[in-house]
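Biologist: I'm new to reading protein models. Could you walk me through this one?

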Amino acid sequence: MGAAYSKCFDPIGARYGIPTYPWRYAPNGLATRRQLRERGLRPGGQPVVAQVMLRHRGRRSGAKVAYLYRIDRALPVRPMTSRKWGALALAMLARRTCPKCRFTYDYCRPTSLGMCVSCAYPDPSANGSDLGGQS
């Protein structure tokens, strides 16, 4: 392992409090939340067992960290109920509806504007204020 890997390698947890491994060097039997989800599992309330770390110069902390959970203690993902599907549909409807003009679009409106693009940047020639050069 190189120097960057040696700073992230702490299998007994003396430096960071929990066992720490370099990126892609975690032992078998451990997985991140995303890896558990790909297998149809969830952590199920178990504590974090270890972490993987990647040195990253662009971050303020200097590293990216992902927590690891034991696969044998993971539980299956809970199935979506009809009420959960309904709540998800209402949330997506709210994301697609402009609060100003109340029009529902086929896409999610930009969160940076807080409303649809046509309400945020109204066309001045569309409301009749432009007389076409006649006085």
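**Rings, burial and surface**

Modeller: Sure, let's start with a cluster: Phe103, Tyr105 and Tyr107 are linked by ring pairs. Rings of Phe, Tyr and Trp (its six-membered ring) pair if their centres lie within 6.5 Å; planes under 30 degrees apart count as stacked, over 60 as edge-to-face and the rest as tilted. Keep in mind that this is a predicted model, where local features need pLDDT of at least 70, side-chain atom pairs count only at pLDDT 80 or more, and totals for chains, interfaces and linings use all residues. Residues are numbered from 1 along each chain as its sequence is written, and side-chain values use heavy atoms, with hydrogens and water left out.

Biologist: How many aromatic pairs does the structure hold?

Modeller: The structure holds 3 aromatic pairs. One of them joins phenylalanine 9 and tyrosine 21, edge-to-face, at 6.4 Å centre to centre and 65° between the planes.

Biologist: Which parts does that pair tie together?

Modeller: Helices (H or I, at least four residues) and strands (E, at least two) are DSSP runs, numbered from the N terminus. Phenylalanine 9 sits in the loop between helix H1 (3-8) and strand S1 (20-22), and tyrosine 21 is in strand S1, so the pair ties together parts 12 residues apart in sequence.

Biologist: Is tyrosine 21 buried or exposed?

Modeller: Buried means under 20% relative accessible area, exposed over 50%, partly exposed in between (1.4 Å probe, protein chains only). Tyrosine 21 has 13% relative accessibility, so it counts as buried. Its partner phenylalanine 9 counts as partly exposed, at 36%.

Biologist: And what about tyrosine 105 and tyrosine 107?

Modeller: A ring pair is described by the distance of the centres and the angle of the planes. For tyrosine 105 and tyrosine 107, the centres are 5.3 Å apart and the planes are at 40°, so the pair is tilted. Tyrosine 105 counts as buried at 15% relative accessibility, while tyrosine 107 is partly exposed at 43%.

Biologist: Now the whole chain: how many helices and strands does it have?

Modeller: The protein chain has 4 helices and 6 strands, and from the N terminus on they run α-β-β-α-β-β-β-β-α-α. Of its 135 residues, 21% count as buried.

Biologist: Which residues make the nonpolar surface patch?

Modeller: Patches are made of residues with over 30% relative accessible area and no salt bridge (a side-chain nitrogen of Lys or Arg within 4 Å of a carboxyl oxygen of Asp or Glu). Like charges are joined within 9 Å, nonpolar side chains (Val, Leu, Ile, Met, Phe, Trp, Tyr) within 5 Å. Here Met80, Trp85, Leu88 and Met92 make a nonpolar patch of about 390 Å², with accessible areas from the Shrake-Rupley method with a 1.4 Å probe, where for residues only the protein chains shown count as cover.
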